[in-house]
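Work through the following exercises with the coordinates open beside you. Each task is followed by a solution that proceeds step by step.

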Amino acid sequence: MKPITALARTANLTLVASTYLFLYVPLIVLLVFSFNSTPFPAPWTSFTWRWYHELFSSGPLWEAFRNSLIIALSSTFISITAGALLIFYATQGGRIGKALVLFYGNLIIPEVVLAVSLLGFFSLASIPLGLATLILAHTLLGLGFVIPLIYARFQELDHRLHEASLVLGATPLQTFFKVTLPLLRPTMITTALLVFIISFDDFVLSYFCAGSSAQTLSLYILSMLRSGISPIVNALTAILLILSSALVLIFFSLRSRTKLF
Amino acid sequence: MRSIQLKKLKKTLQGEVIVDTIDLKIPSGKFFALLGPSGCGKTTLLRLIAGLEQADSGQIFLGDRDITGIPIHERPINMVFQNYALFPHLTVFENVAYSLKLKKMPPATIKSVVQKILEAFNLENHLYKLPHQLSGGQQQRVALARAIVDEPEVLLLDEPLAALDFKLRERMLIELIELQDKLKTTFIYVTHDQFEALTVADQMAIMNLDGQIEQIGTPKEIYEFPTSSFVAKFVGTTNILSGSLTNLETDPYIDIPQLGRFKVHIPQRKDWMKEGCPVIMSIRPEKIFISKKEVQNFSNVLKGTVHSIVYHGRSTQYNVMLPNKTRLQVFEQNEEHFTQEVIDYDNEVYLYWQKENAVLLEK
Amino acid sequence: MHKITFRFLIITFWCSVLLLTLYGPKIRQKDFQENSITVFTWGDIFDPSIIESFEKETGIRVHLNYYSANEELLVKLKATKAEGYDLIVPSDYAVRLLRREQLLQPLDKSKIHFWKDLNPVLLNLPYDTKNAFSIPFSWEIFGFGVDKDYFAGHELPESWRLIFDKNFINYRIGMVNDPIDATEFASMYLYGPQFKKANLQQQKEITHLLKEQHKWVEVYANFRTDYLLATKNCPVVVSSSSYIWRTMRLVPFVRFVIPKEGTFITIENLCIPKASKKQDLVYRFMNYLYRTESSAKHFSTFGFFPSTIHTDQWPDLDPMASKLIHATPEEFGHYRFLHEDDLPEATLRNLWVEVKTQ
Amino acid sequence: MAKRECGAVREMKKIFLFRDYPFAIGIPAIIFQMLFFYLPLAILVVGSFIAFGEEGRLQGFTLEKLLFFMRAPYFKVIGYSLLLASGNALLCFLIAYPLAYYLAFRGKRIKNILLFLLIVPFWTNFLLHVYAWFFVLERQGFLNIFLQKLGLIHEPIAFLNSLFSVMVMMVYYYLPFMVLPIYSSLEKFDTRLIEASYDLGASWRQTMKKVLLPLSSRSIKTGFFLVYIPSFGEFAIPELMGGDRQMFVGSVVAHYILGDTTGSLGAAFTLISCCALIISATIWFKLIDYLLKRCVK
């Protein structure tokens, strides 16, 4: 017997450690400097809460945050609902296996292309750009995840449970709400989290499809980045890191069988 | 309780006939078994009755009400599935209460009804467990409880015991019979296991691979007097000898080439019975008496050589080679009330049977 | 047959529901919020504190939306047919384009109280000869942000040579990221301030020059160039004055250099899109913006030169800025507008791809 | 007559209410997809072949817009993008595989923490990562200060605005797309197979090559394309991290699309680059298949 050699073990460990270093050094540096009183990325001078105060009192930022939240929540809700309804159609004998292929496109086509084609479509149909168009674009992105993931789980379900419920006297709708949906719930929640975060962080689609009333957080950060370095962004990073850690924790605690991929 | 009646029911799936024009009346309040080899369409027939499949043509009656087009959930028919299909996200209690809740019963009533039935099934200690925490037999009982709790008129059972081990299966069979006696609900029990069917059924039907019903009758009728070679071969084991029918009018016998003539008994003259027509004779192995000695009082006798002996415990099986190079199976009970003669390999033996115990079938 | 018809009806139903939702805002118009205006503007032109105090004083809610290029503004305004916005801040040439597209509404000068304070050199310019549609709000010129420390003891030519002369440059520079600006800078260097629209030969020369320049360009960016300077990434950056003025307040070693050949000016103007129906509120907002304390704040936050000339009480006005703000028409004549006579856009963009792809 | 009508109405109700209402409420997802995904894409494709006159009047079929891009710089742009995407995918794979291996087989108790730490950055806005890397790669940034303190360098190195910084950011952003699929396939993996392989006398390297790699080949491909496809169209990272000194497919598209009059040219280039993407992705697909098969032999 020849187990993994000590050398290979150490090499593996070193690689993993340096990968995590690579992932976290920038974030930690950023967090530390969010407390630095000099605005430029100069060496450490002194501790301050100033940037956090400025962050919380910045009106446009929170408006952008609110917009991003609205967009992410709505697109998550719409894509999950549409996905669930499609599954309902499948439980009623609708053959959606082939239609499923339609939704793979959303992930395969580069986001820039999707954004460009949507922008072209909106201007051709003279649809006003705004929150609605952004929600629409993000819903497309969401559907690309929701439908394949939920449908895959749905197919794993024992269809006899569905039949058993019908036989026991439940109508198709009752069956859907009492059996199918509860069984799909863990998958739906994790998928929803995934879609939410993807929408919340999305930059490309927002960049092209944002309208008059829709400054998203990503666009706001971009404008901050472009107009030079501001430690407010550091503070914002800290806040968002905490938020997304919380979401990831929820994601993990669900222990559902949904894989990210 | 109303009876189920199928009229010219037909179902094809992807061009293949699964259920072929079946006419069947299932009497109310009886334990009815539907027996057939795997893939013969018996499950499909059950699903047609439940409403899980739509028939191509024909009708299904519950009593005198045509339920062919009625949606599943409106039929007073419940079903127990092969793998139980318990809802994994609901507790035992919730599983059983499922159909009652749908009927909008008051919670207190639901609670007492469910508790009563779970007690009857010895499940009162598992009320709040999830199905995967139960053993197979317990799951089976939960499935049964769930299916009968809202007092359906008909209960369909689709090979409900297939996943259980032999011992447990035997016990569950008894429980099922007792349950049916108590409830007087019409049970339709689908199985490919003849032992189960013969044990539980008041009445049974045999389906063949073409999706047709071969024979309907009580288990005894089916076993003792099969009307076709398919039934004879499928239910139990049997020996088949073919020959031609002679001397119909006075003292009928069957003429088997190389073996001789054997007396037969014709309780009821069938249309196909004609002088000299080819015929099959089926004799159950346990109806044959085997001995090295010559014995009187039997209608027929045949000589042969013991080819092999298989010891089964409660009986012994002898395979006897006949002069025409066919083999005959004989079961002998090992009752050992008296000293039995010892029969060994290659012994010359006599095989005796009464003419009433051989069944004549159309070839 | 029935089934197909029904399914067709269902599909039509859903299509119309979806489209109705999208056109909803358009059908409903945006005046559901009576006491508010929507301003579509650059990310860094209005100081948030000014907006806040305006909202507090008047009770009018101001929704700010940002763009980062005039082109973005044009695309979006065309797509929405100028609906949804009550005030926009286009640059000079964008005003001309918007006028041509008829997306602006004429101004009612009787409602503008600050007209007399406006710097006359900024009025009646070719992009809007009678200022019927636009009011200059702020302006800036292009020049170089230079690292004084780096050039201590070196020659520092106040010329476009700083970014184009291959015999002189041995440092990294920050360059604008726009083919139109870049070609005009190159033309200014090659052919002097009186250059005309480039002919084919000249186009080739310009392309060649820009391609050569690519070697010492550290960053192509329309923003963030001041940051390169401040972090000592590049000793010379091409930038508009506003960024440099902002940077000068933070880091001492930066200075602004105006090329002596002449340079380019950008004037940001306030315009009201054609579809806006909230003129009254918009004029109130404008009048507020042009108050002395507002424009002073504007300069101190963002470094844009104001379009008014009353700067007597301004707190941190350095001599150079003061001189620039009070420019005589003659001095002002040294400035050219960008986009006066552009080459076709496709040609320019193609050129830019060529420059960057070598 | 009236009676027959009644029957027809009942028939309609029956069809609509009992048979087809699942269709009616299930179909929006598909309609949405067709209307807002495939229709715009179709318009994009068709628009690349149609000439528009003044005031947007249709002028008929044209290949002009596609031919506009039949010039050396654009081929180079596509070439660079292919290199960037391939390089990124390969780098990601090289980093991701050991990491996924560690997570799946050796992580044990800290596995969940490591997974958590992997996903958290992935779930925060990527522009913030860009920003974070500014801080590190800056001339006066963390890395330079750190290296100077160690005495490895004396003059600060310009890490930013180079291919290096672009690649760093690309790998940083796309790494989880590669790690997660590989991890989830390795995790399902029966460790007994590896033990069996050792039992049969295979070395660690042989086991890696002959057992692990081929069995996780599907997920490697998934990860590869999850990285490859979006990085082909990437434009924000080269612009922000690379000083936009080199144009890639995404930047050219944005360059034309956001132009005042060049929108349809951008659409045409999108079409061309999509073709390039599909062809190159197919080649990569076959190549990976081939390489993985060779591994086993």
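**Exercise 1.** Determine what distance separates the centres of domain 1 and domain 2 of chain B, taken over C-alpha atoms.

*Solution.* Begin with the bounds in this predicted model: chain B is divided into domain 1, covering 4-228, and domain 2, covering 237-362. Taking the centre of each domain over its C-alpha atoms then gives a separation of 39 Å.

**Exercise 2.** Describe the secondary structure and overall dimensions of chain A, and set its radius of gyration against that of a compact globule of 261 residues.

*Solution.* Counting the elements first, one finds 11 helices and 0 strands in chain A. Next, the C-alpha trace of chain A spans about 75 × 70 × 30 Å along its principal axes. Finally, the radius of gyration of chain A is 23 Å, whereas a compact globule of 261 residues would have one near 18 Å.

**Exercise 3.** Establish what percentage of the residues in chain A is buried, and what percentage of its contacts between residues at least 6 apart in sequence joins residues at least 24 apart.

*Solution.* Of the 261 residues in chain A, 54% are buried. Among the contacts in chain A between residues at least 6 apart in sequence, 82% join residues at least 24 apart.

**Exercise 4.** Characterise the side of chain A that touches chain D.

*Solution.* Start with the contacts, in which 70 residues of chain A meet 70 residues of chain D. The elements giving two or more residues to this side of chain A include α1 (6-33), α3 (59-91) and α8 (172-201) of chain A, and α1(A) supplies the largest share, 13 residues. Sorting the residues of this side of chain A by class then yields 51 nonpolar, 15 polar and 4 charged.

Methods: Residues are numbered from 1 along each chain as its sequence is written. Chains are lettered from A and ligands numbered from 1 in the order in which they are written. This is a predicted model: local features need pLDDT of at least 70, side-chain atom pairs count only at pLDDT 80 or more; totals for chains, interfaces and linings use all residues. Domain bounds come from an automatic or database domain assignment. Helices (H or I, at least four residues) and strands (E, at least two) are DSSP runs, numbered from the N terminus. The radius of gyration is taken over C-alpha atoms; the globule rule is 2.2 Å times the number of residues to the power 0.38. A residue is buried if 20 or more other C-beta atoms lie within 10 Å of its own, exposed if 12 or fewer, and partly exposed in between; C-beta atoms are placed from the backbone. Two residues are in contact if their C-beta atoms, placed from the backbone, lie within 7 Å. Ala, Val, Leu, Ile, Met, Phe, Trp, Tyr, Cys and Pro count as nonpolar, Asp, Glu, Lys and Arg as charged, and the others, Gly among them, as polar.
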